[in-house]
Amino acid sequence: MAEEAIFEFLHSEIVNYTLTKDNSKENDLSTLEYIGFTTGYRIIERLTREWPRFKDELDTMKFICTDFWSSIYRKQIDNLRTNHQGVYVLQDNAFRFLTRLSSGSQYLEHAPKFVAFTCGLVRGGLANLGITSTVTAEVQTMPSCKFHIQVNRS
C-alpha cells in the first residue's frame, strides 16, 4: 500500500513540475507524455525479459492490458476493444489518477493532465515491442478513462 501512495504522490509532483516550470506552456503536455514514454520503454524491457516474442499485434495488446497494466496500476484493464485494423480501445473504469479527483463535470478539464503520463507509458511500451503508435485518452465521466491506440503501419 505504501508504494502505491508514493507512486501517486510522485505522479502528482511530476504533473505539477512539468506544468508549472514554464507558465507560457500551461497546456503543453508533451513533456509529461515524453516522461511516460521513456518510463514505459524501460518498464517493458524488464517485464518481457523472460517472455518469448509475441505472435501478433493482438497478443501484444493483451499483454499491455494484463501484465503491463497490472505491474503499474495493480489491476488489469477493464475492457479491450479492437476493429482488427490497427485501432484499439483500452477502458479503465476506475483509472487510478482520476479516482482522487471529484467526479463532478467541472473537473473534466483537468483530466488531460492526469492521463498524459499514461498515454506515454503505453506508447513507450509498445514502441519497445516494435509497434509504432499514437495513444490518446478520452475522459467523458470521472474516473473512467478510455485510451485510444492507433497503430501506425508504414
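Which residues of the largest nonpolar core touch the most other members? That's where I'd like to start today. Keep in mind that this is a predicted model. The core has 36 residues, and the ones touching the most other members are I64, L90, F95, L98, F147 and I149.

So where does the core come from? Helices α1 (2-20), α2 (30-47), α3 and α4 each give two or more residues, and so do strands β2 (87-92) and β4 (145-151). The largest share is from α4, with nine residues.

Let's zoom in on a couple of those core residues. L90 sits in strand β2. Buried or exposed, at 0% relative accessibility? L90 counts as buried, because the cut-off for that is under 20%. Leaving out neighbours within four places in sequence, L90 is in contact with I64, C65, I77, N79, L80, C145, K146, F147 and I149. Take L80 from that list: L80 and L90 are 10 residues apart along the chain, and their C-alpha atoms are separated by 4.7 Å.

Then there's I149. With the same sequence neighbours set aside, I149 is in contact with M61, G86, V87, Y88, L90, V122, L126, S133, T134 and V135.

Okay, on to the helix packing, and α4 again. First pair: α2 and α4. Their axes come within 6 Å and cross at roughly 40°, so the two helices are oblique to each other. The crossing is right-handed. On the α2 side, the contact includes L32, E33, I35, G36 and F37, and on the α4 side K113, A116, F117, C119 and G120 are among the residues involved. By class, that contact divides into 11 nonpolar, seven polar and four charged residues.

Second pair: α3, residues 57-73, and α4, residues 111-128. Here the axes come within 11 Å, crossing at roughly 130°. That makes α3 and α4 oblique to each other as well, because the angle falls outside the parallel, antiparallel and perpendicular ranges. The passage of α3 across α4 is a right-handed crossing. From α3, the contact is made by T60, M61, I64, F68, W69, I72 and Y73; from α4, by T118, L121, V122 and L126. And what's the class make-up of the contact of α3 with α4? Nine nonpolar residues, two polar and no charged ones.

One last thing to look for on the screen: M61 of α3 and V122 and L126 of α4 take part in that helix contact, and M61, V122 and L126 are also among the contacts of I149. That's it from me.

Note on methods
Residues numbered from 1 in each chain as written. Predicted model: local features only at pLDDT ≥ 70, side-chain atom pairs only at ≥ 80, totals over all residues. Heavy atoms only, no water. Axes fitted to C-alpha atoms, helices over the stretch in contact; angles between N-to-C directions. Helix = DSSP H or I, 4+ residues; strand = E, 2+ residues; numbered from the N terminus. Parallel < 35°, antiparallel > 145°, perpendicular 65-115°, else oblique. Left-handed = near helix turned anticlockwise from the far one by under 90°. Contact = heavy atoms within 4.5 Å. Nonpolar A, V, L, I, M, F, W, Y, C, P; charged D, E, K, R; others polar. Core = buried A, V, L, I, M, F, W, Y, C linked by side-chain atoms within 4.5 Å. Buried < 20%, exposed > 50% of the residue type's maximum accessible area, 1.4 Å probe, protein only.
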